[in-house]
Amino acid sequence: MLKKTAIVSLFTLISASYMAQNTKTIPVYLDESKPVEQRIQDALSKMTLEEKIAMLHAQSKFSSPGVPRLGIPEFWTTDGPHGVRSEVKWDEWDQAGWTNDSIIAYPALTALSATWNKNMSWNYGKALGEEARYRKKDILLGPGVNIYRTPLNGRNFEYMGEDPFLTSKMVVPYIKGVQSNGVATSVKHFALNNQEMFRHTSNVIVDDRTLYEIYLPPFKAAVTEGDSWTIMGAYDMYKGQYASQNQYLLNDILKKEWNYKGVVVSDWGAVNNTEQAIHNGLDLEFGSWTNGLSDGHSNAYDNYYLAQPYLKLIKEGKVGTKELDDKVTRLLRLAYKTTMNRNKPFGNIASEEHKAVAKEIGEEGIVLLKNQGNVLPIDINKAKKIAVIGENAIKIMTVGGGSSSLKVKYETLPLDGIKARFGKQADVQYARGYVGDIGGEYNGVKSGQNLKEERSPEALLEEAVALAKSSDYVIFVGGLNKADFQDSEGNDRKSYGLPYNQDQVISALAKANKNLAVVLVSGNAVAMPWVKEVPTIVQAWYLGSEAGNSLAAVLAGDANPSGKLPFTFPVKLEDNAAHQMGEYPGNKEELAAGKGKDQKNPINIKYNEGILVGYRWHDTKKIKPLFSFGHGLSYTTFEFGKAKADKKTMSQDDTITFTVTVKNTGKKAGAEVAQLYISDLKSSVQRPAKELKGFEKVFLNPGEEKEVTFTIDKTALSFFDADKHDWVAEPGDFEALMGNSSDAIKTKVKFTLK
Ligand code: BGC
């Protein structure tokens, strides 16, 4: 019999020798002690041509294959951008019927952007990324950063507004938050997908200066500052090439100028040409043989443009493998950050922290547009009876709207939130007022609501007015919804006005009760012909799972509103630049000739308004908006001190620092957003009256004062010179304007660039 010590040492010897053998046999691509680029080269050297090709395209609606033989995992993608989408069948858009795929819906990106708070953006990304991780997703299809060009764009609610600076600053922390979970973001839709109408059949014509100053900066920030590991191409065309296979956007700008090392993912069904897909910068093809939303085509994956057709071209010697290896290199690099990253966290779903994040972002994003006579916050001593009126007080909003539609653990409706907050002290009663959209299903996810209504519009209005008359407060909750032709993917809105006769209902309520607050749930600006009749207006966006609670907190004053508009509300549609100067939904003659109906007859959309988008247009042309970019009130008051600059003159490689004090002069703690705009006083080219170049949200107790500091360099003074293909800061005088809205500049200071 062997002695115990001998057994132990024999065991040690055997296991040590196994270990030694094992370490020797760990291939380089799996060896975490080796540099990633070396591991990639090793993996590449072991892959067959077929395995490489397989990696470039989908194997199901939302996944792409790895290399099973080598243990390189599949990639699983998911929408995005406000929560993790439910599971669909392998090859269909229909529900897979899982019971463990409900999640928390976060406020839509318009609401996030309206917080003007970069910390909120990080919290959002981190929480959402944790849910994606728990659901075992590797790529989150978002965030969306297409610039708000027209209030009719059905997808504006998924984006971050009209300003490239605000969007750039808000998108970076979101990306970092998501990716801290080992989940890649896919910032979308690159580029120029600024409307839904004709999204598959249009060609955008935009000058270089406008492209670089307005439409590209958020994408540039997302990849260069945010390091988004993937980026999604768009559906539309630019310079006659589809954006997801576009030499100019993907190769020249993204990969060359910005030195992007990540993966370009196509939008779903955005590829239609193998040669272009090979050569023009696309890396990963998804959704071909579908229209992106409803149509599917079983087992078509071998027919993808980057599948058999690509393999055939290589085998026939018609194309080499340089592009192929570059694409696979990028995909492997992504794998080491996501699927093959052993240090990633596990994630979680619907934690108390996630609910709190959703609620807080909702509260901070809500914008108090008008509050004449301080109708809000609701004075609980005076509120014996509160009337809640309007369909959006009871309508589920997380279902619908296109690919961002969600299957949620719960959604607190405005009426429920208001009842929970005020119900103990006051009698809260509801009347619908009008009927809008009674639908409640998207891709098989059902809201479970029955919103059918038999009564006539007159009867509904009569009931609402009677209730309003007998109440102390009236909270009207209306706006748009996620039905087709509203705030929804695939189509644009048909008109700027509120749908379903809401204007008439609001006017009637304004006559019935002075204590009226109109709450608009939407991701877009709307016309407000009743603006003067109504004392209080709240822009409440789509706030996700905690919608009702966030809204009730603001109505009660538990949360002091601090949101600011991320886009302008024009008085009428024609006041918007794209509608007055530019082309929408496309060139008029071509429209009349029936262009845009299919991909063989695309329509051109010329952005004649150029750089004058949003407030840049309104300010420069002196067209007074209904509510301006950056606008948002509070239940307290703030005062700005006198702006100061640390120098009078700066040189081209210098920085300049501005300071301004902000003081809470009211009786309630609250937050103000100090906004810095720069105005070029004299220039050889047209410049907008002013442009946002800094913002900071400051939290202040009553009487408290803080100093806000903005440091800028010449990039904040530059314009894009298309001839030089470079940014130019022209010497001369500038003005730094500081205030709490683009139309409320409180203080300014002049300086000179040498
Ligand atoms: C949308 C994308 C989305 C994709 C996958 C497309 O129709 O444009 O934003 O991520 O579908 O659902």
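**Ligand environment and local backbone features**

Among the 15 residues that surround the ligand, those that come nearest are Asp79, Arg155, His189, Tyr235 and Asp267. The structure is a predicted model, and the values reported here were computed from its atoms. Sorted by class, the shell around the ligand comprises 7 charged, 5 nonpolar and 3 polar residues.

Polar contacts to the ligand were identified for three side chains discussed here, those of histidine 189, arginine 155 and arginine 85. In the case of histidine 189, an N or O atom of the side chain is 2.7 Å from an oxygen atom of the ligand. For arginine 155, the separation between a polar side-chain atom and a ligand oxygen is 2.8 Å. The side chain of arginine 85 places an N or O atom 3.2 Å from an oxygen atom of the ligand. On its own, the ligand has 310 Å² of accessible area, and the protein covers 100% of this area. With regard to internal space, the ligand takes up the second largest cavity.

The backbone was next examined for unusual geometry. A cis peptide bond joins phenylalanine 190 to alanine 191, with omega near -5°. Strand β4 spans residues 184-190 and β5 spans residues 202-205; alanine 191 is placed in the loop between them. The loop between β4 and β5 also contains phenylalanine 198. This residue, although not a glycine, has a positive phi of about 65°.

A cis peptide bond is likewise present from leucine 376 to proline 377, where omega is near -5°. Proline 377 belongs to the loop that lies between β10 (367-371) and β11 (385-389).

Turning to annotated regions, the unreviewed UniProt entry assigns residues 672-742 the annotation "domain: Fibronectin type III-like". In the model, this span is 61% strand and 0% helix. The C-alpha atoms at the two ends of residues 672-742 are 14 Å apart.

Conventions
Residues are numbered from 1 along each chain as its sequence is written. This is a predicted model: local features need pLDDT of at least 70, side-chain atom pairs count only at pLDDT 80 or more; totals for chains, interfaces and linings use all residues. Side-chain values use heavy atoms; hydrogens and water are left out. A residue is near a molecule or strand if one of its heavy atoms lies within 4 Å of it. A polar contact is a pair of N or O atoms within 3.5 Å; within protein, one must be able to donate a hydrogen and the other to accept it, and residues adjacent in sequence count only if both atoms are side-chain atoms. Accessible areas come from the Shrake-Rupley method with a 1.4 Å probe; for residues, only the protein chains shown count as cover. On a 1 Å grid over the protein atoms alone, a cavity is a set of points where a 1.4 Å probe fits but cannot get out, and a pocket is an open set with protein on both sides within 12 Å along at least five of seven lines; lining residues have an atom within 4 Å of a point. A molecule sits in a cavity or pocket if more than half of its atoms lie within 2 Å of its grid points. Ala, Val, Leu, Ile, Met, Phe, Trp, Tyr, Cys and Pro count as nonpolar, Asp, Glu, Lys and Arg as charged, and the others, Gly among them, as polar. UniProt positions are given in the numbering used here, feature names are shortened, and annotations may be inferred rather than shown by experiment. Helices (H or I, at least four residues) and strands (E, at least two) are DSSP runs, numbered from the N terminus.
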